[in-house]
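Colleague: I would love a close look at one part of this model, please. Take your time and follow the thread wherever it leads.

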Amino acid sequence: MYISRITLDKYRNYGLLRLDLAPGLNVFLGENAQGKTNLLEAVYFTSIGRSMRTPRDKELIMWGEERAGLRADAVGRGGKSRVEIVLDKRANKRLAINGAEVRKLGELMGVIMTVLFSPDEISIIKDSPGDRRKFMDIAICQISKSYFYLLSRYNKTLAQRNRLIKSGAGGDTLDVWDLQLADTGAKVIRTRRGFIKRLEKLADKNHAYLTSGKERLTLSYESLGGGSDDELKEEFLNELKRTRERDVFQGYTHTGPQTDDFAAVCGDVDIRKFGSQGQQRTAALSLKLAQLDLFFEETGEYPVLLLDDVFSELDESRQQKLIERLSGHQTVVTCTHIDEKMKRQFKDAALFRVENGSVTRL
């Protein structure tokens, strides 16, 4: 899969931009605050339906304007596809796929697949479990629309149970919602667990490649016990019963997928807590490259890889290893500059200069 053209209209600092992308490597050069990351963000938005930098869509509209538009034209195994998004300060965003308006964000999943890696992505390893849950959920949603709707149902059920807890609802009422929560939550846990199990093999392979075989990476999903959906559901119900008094006292649900995590271990070291920054960054990159490989296994085509100012954060060895992985799929790279060695390595790339919201092909 690759994006052939991205069109922006009053998005961030871009007035009107129609940009044709190469199916291989695209490198965007420019100083900071010129619009490189804005461009990458726009590509990501057409894939996920939201920004990786802000939850408030209205912040993406150019200052002083009422609305903004994004359009991505893509080519994949199934032919051509087009995603159009309109952002409006006075209304909810509007989505259209191949000219037909869609009302559910889930319909966008998998139309244009992307994998994003930036210096902030180290949070997948070093920061809170919430960052790791977000990574899992976004990755799985792009592969499976059904998981997107499953997760939405779980979150709505969880929100309703929490409202009932705060309102002082009785045990019989909570019992009904516990059954719904456990039934949906068991499926979420099983799906995430399967994702991590498959991702682990690919992440370990990529991690060994990036570290020249010096380190191995192990992943494991941390949640309730139980193998089948029925076993998970039973365990979930038992935990809900066990923690109900605390739930009522503190006003929210303490058990379930919303509290789960996955461990990342190099050797015997849990690098979430005790890894060096270099280990954490390498592990995060390994996860993203593994995600790239997993998408290919699932769909038969690679997603678009988005690399935002990544090379400045890697040592020369890992820079070289990453560059070697950029062939065979479309990649969009942003950086402030490239040295002579990188120029030789990027000799077949489409090079662009970004300056104050204007993009020029070099």
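At the start of H10, which residue has a side-chain oxygen that reaches to within 3.2 Å of the backbone nitrogen of Ser317?

Modeller: Happy to help! That residue is Asp315: at the start of H10, one of its side-chain oxygens reaches to within 3.2 Å of the backbone nitrogen of Ser317. Such a polar contact is a pair of N or O atoms within 3.5 Å, one able to donate a hydrogen and the other to accept it, with residues adjacent in sequence counting only if both atoms are side-chain atoms. Please keep in mind that this is a predicted model, where local features need pLDDT of at least 70, side-chain atom pairs count only at pLDDT 80 or more, and totals for chains, interfaces and linings use all residues. Residues are numbered from 1 along each chain as its sequence is written, and side-chain values use heavy atoms, without hydrogens or water.

H10 covers residues 316-324; helices (H or I, at least four residues) and strands (E, at least two) are DSSP runs, numbered from the N terminus. Within H10, Gln319, Lys321, Leu322 and Ile323 are buried, where buried means under 20% relative accessible area, exposed over 50% and partly exposed in between, for a 1.4 Å probe and protein chains only. The cover over these buried residues includes H5, H9, strand E12 (304-308) and helix H11 (340-345).

Let's look at the cover piece by piece. Helix H9 spans residues 277-299 and holds Thr282. Thr282 has a relative accessible area of 3% and is therefore buried. Its side chain reaches the backbone oxygen of Gly278 at 2.9 Å. Leaving out residues up to four places away in sequence, Thr282 touches His207, Leu210, Thr211 and Arg318, a contact being heavy atoms within 4.5 Å.

H5 (residues 171-210) also packs against helix H3 (residues 129-143), at an angle of about 90° and with the axes 11 Å apart. Axes here are lines fitted to C-alpha atoms over the stretch in contact, with angles from 0 to 180 degrees between N-to-C directions. H3 and H5 are therefore roughly perpendicular to each other, a label for 65 to 115 degrees (under 35 is roughly parallel, over 145 roughly antiparallel, the rest oblique). From H3, the contact uses Arg133, Phe135, Met136, Asp137, Ala139 and Ile140, and from H5 it uses Thr191, Arg192, Phe195, Ile196 and Leu199. These residues divide into seven nonpolar, one polar and three charged.

Now for the other end of H10. Gly328 sits in the loop between H10 and strand E13 (331-335). Its relative accessibility is 69%, so Gly328 counts as exposed. The C-alpha atoms of Gly328 and Leu25 are 9.2 Å from each other, although 303 residues separate the two along the chain. Cys335 has a relative accessibility of 5% and so counts as buried. Cys266 is buried too, at 6%. If you are wondering about cross-links, a search of the whole structure finds zero disulfides, meaning pairs of cysteine sulfur atoms within 2.5 Å.

One last stop is His254, in the loop between helix H7 (244-250) and strand E10 (261-266). His254 is buried, with a relative accessible area of 15%. Its side chain makes a polar contact of 2.7 Å with that of Asp247, and another of 2.6 Å with that of Gln250.

Conventions
Ala, Val, Leu, Ile, Met, Phe, Trp, Tyr, Cys and Pro count as nonpolar, Asp, Glu, Lys and Arg as charged, and the others, Gly among them, as polar.
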